[in-house]
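This report goes through one protein chain, from its overall make-up to single helices and residues. Please look at the sequence and the structure first.

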Amino acid sequence: MKAVSGGNGEFWGWKWEHKRRTIKQSKASKSSDSATVGGGGGGGYWFPLKQAVTAGALALTGDTVAQVTDRWKKNKPYKRHSYDQDASQNSNDNQDFIGIFLSDHDWLRALRMTSYGFLLYGPGSYAWYQYLDRCLPKQTVQNLMLKVLLNQVVLGPSVIAVVFAWNNLWQGKLSQLPEKYQRDALPTLLYGFRFWIPVSILNFWYIFCPFLVCPL
């Protein structure tokens with residue numbers, strides 16, 4: 001999961017764009033991808049709604065898969081035992097097994113990760129990729145590799161810092177955050193390289209290099 005944190009009046013390195021009424025009206029056709037909140041005086045603040053909803057849905061899906069996978073591993077002995085029973089007993093065992101998955105689901109954790117995706121990861125990653133596109137507009141192999149590198153050395157650590165802080169805030173464990181960083185931040189970052197480096201290469205290659213052509 002990716003997000004960027006910042007300061008000096010910025011939200012994750014991205015200053016919220018204040019729009020005048022005339023600009024908002026001229027971009028009304030893009031209302032499906034964004035929302036203008038606030039009001040009074042004919043102005044507001046632009047929010048990437050489509051990206052936020054997408055990120056929230058992906059965060060919820062990922063957390064659900066993680067929770068179900070974890071419970072599946074923990075209940076493997078129970079599952080194997082149920083296969084040794086007769087047919088009627090198996091039917092009852094399977095119902096109990098499904099009940100275990102439903103009753104043990106951590107809905108607060110799911111809400112926590114969904115809110116992270118919607119409020120932080122979606123807007124933050126959108127701002128980050130827009131920033132990269134403005135700074136490195138030419139579609140070259142050099143720029144592609146530089147974007148991948150920046151994703152890992154800037155965006156990756158920022159995501160880890162934000163998501164750890166968000167989880168600890170929800171759990172009322174902010175005092176344990178420094179210890180969490182020291183113990184888990186670097187292993188999480190290094191583990192993520194195995195997944196995010198190939199994904200970033202594919203992402204930039206297909207999205208930022210039309211027709212799969214990146215001139216040298």
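A bend at a residue is taken here as the angle between two fitted axes, one through the seven residues ending there and one through the seven starting there. By that definition, helix 6 has a kink of about 35°, centred on Asn-151. The model is a predicted one.

## Overall make-up

The protein chain holds 7 helices and 3 strands. Along the sequence they follow the order β-α-β-β-α-α-α-α-α-α.

Of the 216 residues in the protein chain, 33% are buried. The chain exposes about 13,500 Å², and 62% of that area comes from carbon and sulfur atoms. Contacts between residues at least 6 apart in sequence were also sorted by separation: 68% of them join residues at least 24 apart.

## Strand 3 to helix 2

Pro-48 sits in the loop that runs between strand 3 (44-47) and helix 2. Its relative accessibility is 0%, so Pro-48 counts as buried, the cut-off being under 20%. Pro-48 and Gly-124 are 76 residues apart in sequence, while their C-alpha atoms are 9.6 Å apart in space.

Helix 2 covers residues 49-74, which is 26 residues. From first to last C-alpha it reaches 38 Å, close to the 38 Å expected at 1.5 Å a residue. The buried residues of helix 2 are Ala-52, Ala-55, Gly-56, Ala-59, Asp-63, Gln-67 and Arg-71.

## Helix 5

Helix 5 takes in residues 107-135. With 29 residues at 1.5 Å each, counting one less than the number of residues, the expected span is 42 Å. The end C-alpha atoms are 40 Å apart, so the model agrees with that expectation. Helix 5 also bends, by about 40° at Gly-117.

The N-terminal end of helix 5 is capped by Asp-106. A side-chain oxygen of Asp-106 lies 3.3 Å from the backbone nitrogen of Leu-108.

## Helix 6

Helix 6 runs over residues 141-170, 30 residues in total. The span expected at 1.5 Å a residue is 44 Å, and the end C-alpha atoms are 41 Å apart, which agrees. After helix 6 comes Gly-172, which has a positive phi near 65°.

Asn-143 belongs to helix 6. Its relative accessible area is 14%, and Asn-143 is therefore buried, as the value is under 20%. Leaving aside residues up to four places away in sequence, Asn-143 touches Leu-136, Pro-137 and Lys-138.

## Annotated regions and helix 7

An unreviewed UniProt entry lists residues 149-170 and 191-213 under "transmembrane region". In the model, residues 149-170 are 100% helix and 0% strand. The end C-alpha atoms of residues 149-170 lie 31 Å apart.

Helix 7 spans residues 177-208 and includes Ile-201. Is Ile-201 buried, exposed or partly exposed? With a relative accessible area of 31%, Ile-201 is partly exposed, because buried means under 20% and exposed means over 50%. Ile-201 and Leu-144 are 57 residues apart in sequence, and their C-alpha atoms are 7.5 Å apart in space.

Key: Residues are numbered from 1 along each chain as its sequence is written. This is a predicted model: local features need pLDDT of at least 70, side-chain atom pairs count only at pLDDT 80 or more; totals for chains, interfaces and linings use all residues. Side-chain values use heavy atoms; hydrogens and water are left out. Helices (H or I, at least four residues) and strands (E, at least two) are DSSP runs, numbered from the N terminus. A polar contact is a pair of N or O atoms within 3.5 Å; within protein, one must be able to donate a hydrogen and the other to accept it, and residues adjacent in sequence count only if both atoms are side-chain atoms. UniProt positions are given in the numbering used here, feature names are shortened, and annotations may be inferred rather than shown by experiment. Buried means under 20% relative accessible area, exposed over 50%, partly exposed in between (1.4 Å probe, protein chains only). Contact means heavy atoms within 4.5 Å. Accessible areas come from the Shrake-Rupley method with a 1.4 Å probe; for residues, only the protein chains shown count as cover.
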